[in-house]
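The following paragraphs lead the reader through one structure, from single residues in loops to a strand and then to the whole chain. Please keep the sequence and the model in view while reading.

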Amino acid sequence: MRISIIGIEDERFNRQMQLIANLFFEESEIIMAEQSDADVQIKFTLQVKNLIAVSAELKDQNGEVHVANYQKELNGSLMEKEQFKQIKHAVAHVYLTVLQDWTGMIQKWGILTGVRPTKLLHRKVQQGIPLKEAHQQLKEDYLISDEKIELMQHIVDRQLAVVPDLYSLKKEVSIYIGIPFCPTKCAYCTFPAYAINGRQGSVNSFLGGLHYEMRKVGAWLKEKGVKITTVYYGGGTPTSITAEEMDMLYEEMYTSFPDVENIREITVEAGRPDTITPEKLEVLKKWNIDRISINPQSYTQETLKAIGRHHTVTETIEKYHMARKMGMNNINMDLIIGLPGEGLEEFTHSLMESKKLMPESLTVHTLSFKRASEMTKNKEKYKVAPRQEVEKMMELAEKWTKDHGYVPYYLYRQKNILGNLENVGYSFPNQESIYNIMIMEEQQTIIGLGCGAASKFIDPVSGKITHFANPKDPKSYNDNFEAYTQDKLDILDELFSEKNSPA
Ligand code: SF4
């Protein structure tokens, strides 16, 4: 689909134009100029005074025409950057409207293309805007559907029930620990995950670096009296290292981190069932880690084979029971909607199998075609369900979880996600993962340690976010972990200095 855009010269609009077009078309090209042979032309007129007045006129090759107008008061007291944001929203508003009218496709998330829609509602709650008014704003300013606003509200309510002090956790931090190894690499994966076989040397050096980071950061937290809210071991698959290595790692955590007994939650992704053994479960129990993730993704064997997961459905079920028997009392399981070759039938089957296990939480992802994955590079090899079917699967997930006592408690969206849908974490009430809430709502700093670990530093006063990423591959990490640790400590020093301490 080639879209010619007329009347908008400022390059700062380009990205938004492309992102919104992507909601409608799998492949689209935006031309920011008049182009007579484009599939469709959209002509904008924009006037900015006290009011932002914008209109869009869409004309296709058959002469079909759609027009949309929108006006909004410009808040003159805002900084230039914020004012421009308002203008961008107004342009997006008419752009989305004409594309919806022309295609007949309704975007339930309206003009939102970002990852964390619930943040928007949290911000309004924090500003003290009454809920009814906040919902009205989401509907009018962003064109979000009632259905999605209701979902956002459910999620915000749940999050505040589980973490009542969510808005004042800026003084604490959470920790993410990235272990970049997996038994094999899955086809849809873009995480830092290296097949572990034959890499013991690299694993040893990596763990050496990770222990160093934990010691240094732990010492800093102790010295400054900064508490840890949650710890999350992800990757890769953190249970792909040996039971002894896991044991030493958790011992390091208890020795180096402050007040580990009072950390609200420690989670270990045991994502791949083929990595779980009784010895490793013993180690988790020994260190009081009882929240783990065992991820089936699908309960159809052919699918697992097609996406390169190299474990069996039976293995998932067996390992789940083993973990349960050995005292794991908060288990999350991930499912993915829209895996290659899967439709409603296979997804229904996955839900039926989930019913036999009833994990405390179930995270339902919608497949996204990430640029770097093997699946995206060979798209023709992996046939996925059409948009309507993907939507039906999502609806089924919503209904099924509700009928079985689960509540949605976090959500995020991704670019190139099938059907412009979302990933939703469901759980039994009071079994929600606090770390997931922290990572989504960006209310506190998350310090990333290990390979591919992304740190997100949130200024406790201004809320400004600074990103910092450790290298993804073990070799670069092993060569430079000391420097990366120091860089993070410098940022922490700046953020948690006395002048910056929140009231
Ligand atoms: S188990 Fe997870 S991290 Fe590992 S390769 Fe598969 S998707 Fe990636």
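N430 lies in the loop between β15 (423-427) and α14 (434-441). In this predicted model, the phi of N430 is near 75°, a positive value in a residue other than glycine. Is N430 buried or exposed? With 10 other C-beta atoms within 10 Å, N430 is exposed, because a residue counts as exposed when 12 or fewer such atoms lie within that distance.

Q297 also departs from negative phi: its value is positive, about 65°, although Q297 is not a glycine. This residue is found in the loop between β11 (291-293) and α9 (301-306). The surroundings of Q297 hold 24 other C-beta atoms within 10 Å, so Q297 is buried; the cut-off for a buried residue is 20 or more.

A further positive phi, of about 60°, occurs at L143, just after α4. Helix α4 itself covers residues 131-142, which makes 12 residues. From its first C-alpha to its last, α4 reaches 16 Å, close to the 16 Å expected at 1.5 Å a residue.

Another backbone feature is the cis peptide bond that joins G235 and G236, with omega at about 20°. G236 lies in the loop between β9 (228-235) and α7 (243-256).

Strand β9 leads in turn to β6, since 6 bridges join β6 to β9 and the two run parallel. Within this pairing, G178 stands opposite G234 in β9. Strand β6 is also joined by 6 bridges to strand β16 (residues 445-450), again in parallel, and here Y176 stands opposite G448 in β16.

How much of β6 is covered? The strand comprises residues 173-179, and 7 of its 7 residues are buried. In a regular strand, side chains alternate between the two faces of the sheet. On β6, V173, I175, I177 and I179 point one way, while S174, Y176 and G178 point the other way, and all are buried.

The view can now be widened to the whole chain. It contains 15 helices and 18 strands. Its radius of gyration is 24 Å, close to the 23 Å that the globule rule gives for 503 residues, so the chain is as compact as a globular protein of that length. Along its principal axes, the C-alpha trace spans about 70 × 60 × 45 Å. Buried residues make up 43% of the 503 residues. Among contacts with a separation of 6 or more, 75% are between residues 24 or more positions apart.

Conventions
Residues are numbered from 1 along each chain as its sequence is written. This is a predicted model: local features need pLDDT of at least 70, side-chain atom pairs count only at pLDDT 80 or more; totals for chains, interfaces and linings use all residues. Helices (H or I, at least four residues) and strands (E, at least two) are DSSP runs, numbered from the N terminus. The expected span of a helix is 1.5 Å times one less than its number of residues. The radius of gyration is taken over C-alpha atoms; the globule rule is 2.2 Å times the number of residues to the power 0.38. Two residues are in contact if their C-beta atoms, placed from the backbone, lie within 7 Å. Two strands pair if DSSP finds at least two bridges between them.
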